[in-house]
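Q: Could you take me through one part of this model up close? I'd like to follow a single helix and then see what else turns up along the chains.

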Protein chains: 2
Amino acid sequence: MQLLKDKILTDGRLLDGYVLKVDNFLNHQLDVALLDAMGAEFARRFAGVKVDKILTVEASGIAVAVMAARHFGNVPVVFAKKTESLTLDKDAYESDVYSFTKQKTYRVRVSRRYLSAGEQVLVLDDFLANGHAACGLIDIVRQAGAEVAGVGIVIEKGFQSGRALIEEAGVSRVESLAILKSIAEGKIEFA
Amino acid sequence: MQLLKDKILTDGRLLDGYVLKVDNFLNHQLDVALLDAMGAEFARRFAGVKVDKILTVEASGIAVAVMAARHFGNVPVVFAKKTESLTLDKDAYESDVYSFTKQKTYRVRVSRRYLSAGEQVLVLDDFLANGHAACGLIDIVRQAGAEVAGVGIVIEKGFQSGRALIEEAGVSRVESLAILKSIAEGKIEFA
C-alpha cells in the first residue's frame, strides 16, 4: 500500500539505525485518515472472504480494527486483553505469547461470550514480527470452534519468521499492507 | 443519547446487581456502528469548539477516540499509555492515577512529541467515575502548555464525584453521552 509506505518513509523513525518506530501515526499518535484508508485496503484485499467478526489485541490493534470494521459492514470487533496473570479464567479463551521485545510471556484472553463456534474471524494487528501474537489469536479463535478467515497486518517485518509461523499454523491467507525487506544502515527497503 | 441508553439497558449486564458491565459493546467487544454514532454526537455537542487533537487513554478509550476523530475533521488522536513503572521518562509528560477498581496507582504517559503548547485538546474516555483518569489526562495536557477544549465521556456514573473533580480542575465543559443516576436492586436509572 503506497500511502502507508510513503508514511513510513516520511514519519517513521529508526532507533539505533534499525528499530522502526511508528508511534507518530500508528502506536501512540494515530493518523485517523490513514487508518481509514488502511481499513479500505484490508476490505479490498479480503473481498469475497466471509468475515463475521474482527479479532485484534490491545492496545495498538484496536484503532486498526475498528477503522477496518467500517469497511467490512460494521462487523463487531473483539480485542483480546493482555494480562500477566497466569491464573486460569474459566470464562475465557486464553493463549500464552512470548514477547521477544519485553523478554517475557504474557497471556492474551478473550471472554467466551464474544467468540462463537462457526464464526469466520479476521485477525488484524499492527505489526507482524516473529508471529507469536498472531498465533496466540489464531489459537483463541480455534478454541472457540470458530475459523480464521485470514490474517491482516499493517507492517510485516519480512526478515523475521512470523509469516512462516502463521502458515505452519494452517492459515494461508496473510495480507500485509507494507512488508519491510530490510532495515540496514538507517535505510528502509520494502519487499 | 437515546441510542446509547437503550443499548445499556438491553446489552449492559449488572454484576451483583450494581456493577455495570458493558464489555459487550464498549470494553471488550466493540459495536462499531454505535461508536460511530457516538462520535457524531460528540461532534454535535462540541460544535463551535476548536479541537486540534483528541487525547484518550489505552485501551478502551482508543476506539471511542478514533471513531470520534472522523467527525472532528480527522484530527490526530493520541492515546496515553498506562504503565506501572514509576521511573521518570524525561521524554514524556506523566501523571499518576489512583484506580479504586484495582486499588493501585498507575502512571499515564504521553510522549512530548505528540502534545504541543497552544493546542486545543479534547479529552475523551469511555467511563467517568471518580475522575482520576480524566484529571490525569488534563494534567498532561497542561504540562504540555496545551489547553483542554473539553472532556467527553461515554458513560458517567453521576452518583460519583468525577464531574466535580474535573470542574474543580477548571474545566467547565464536560459532556457525557449517558449519565447513570443510580443502579439499585438491579435497575438502572439515567439522570
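A: Let's start with what the buried residues of α1 in chain B pack against: β2 (19-21), α2 (32-45), β9 (147-157), β10 (174-184) and β11 (187-190) of that chain. Keep in mind that this is a predicted model.

So which residues of α1(B) are buried? The helix covers residues 2-11, and B:Leu4, B:Lys5 and B:Ile8 are buried in it. Now imagine looking straight down the axis of α1(B): the buried residues fall within an arc of 100 degrees, so they line one face of the helix. Flip to the other side of α1(B) and you'll find B:Gln2 and B:Thr10, which are exposed.

One of the packing partners of that buried face, β10 (174-184), leads us onward, and so does β11 (187-190). In the loop between β10 and β11 of chain B sits B:Glu185. Is B:Glu185 buried or exposed? Its relative accessible area is 83%, and exposed means over 50%, so B:Glu185 counts as exposed. Its backbone is worth a look too: phi of B:Glu185 is near 50 degrees, which is a positive value in a residue other than glycine.

Chain B has another residue like this. B:Asn74 has a phi near 55 degrees, again positive without being a glycine. You'll find B:Asn74 in the loop between α3 and β5 (77-83) of chain B. With a relative accessible area of 35%, B:Asn74 is partly exposed.

Next, follow chain B back to the loop between β4 (53-57) and α3 (60-69), where B:Ala59 is located. The peptide bond running from B:Glu58 to B:Ala59 is cis, and its omega is near -5 degrees. Hop over to chain A and you can look up A:Glu58 and A:Ala59, which are also joined by a cis peptide bond, with omega about -5 degrees. A:Ala59 has its place in the loop between β4 (53-57) and α3 (60-69) of chain A.

While you're in chain A, check out A:Tyr18, in the loop between β1 (13-15) and β2 (19-21). A:Tyr18 has 54% relative accessibility, so it counts as exposed. Together with A:Leu15 and A:Val19, A:Tyr18 forms a nonpolar patch on the surface, and the three add up to about 260 Å² of accessible area.

Notes. Residues numbered from 1 in each chain as written. Chains lettered and ligands numbered in written order. Predicted model: local features only at pLDDT ≥ 70, side-chain atom pairs only at ≥ 80, totals over all residues. Heavy atoms only, no water. Patch = residues over 30% accessible without salt bridge, like charges linked within 9 Å, V, L, I, M, F, W, Y side chains within 5 Å. Areas by Shrake-Rupley, 256 points an atom, 1.4 Å probe, with all protein chains shown as cover. Salt bridge = Lys/Arg side-chain N within 4 Å of Asp/Glu carboxyl O. Helix = DSSP H or I, 4+ residues; strand = E, 2+ residues; numbered from the N terminus. Buried < 20%, exposed > 50% of the residue type's maximum accessible area, 1.4 Å probe, protein only. Arc of directions from axis to C-beta. Contact = heavy atoms within 4.5 Å.
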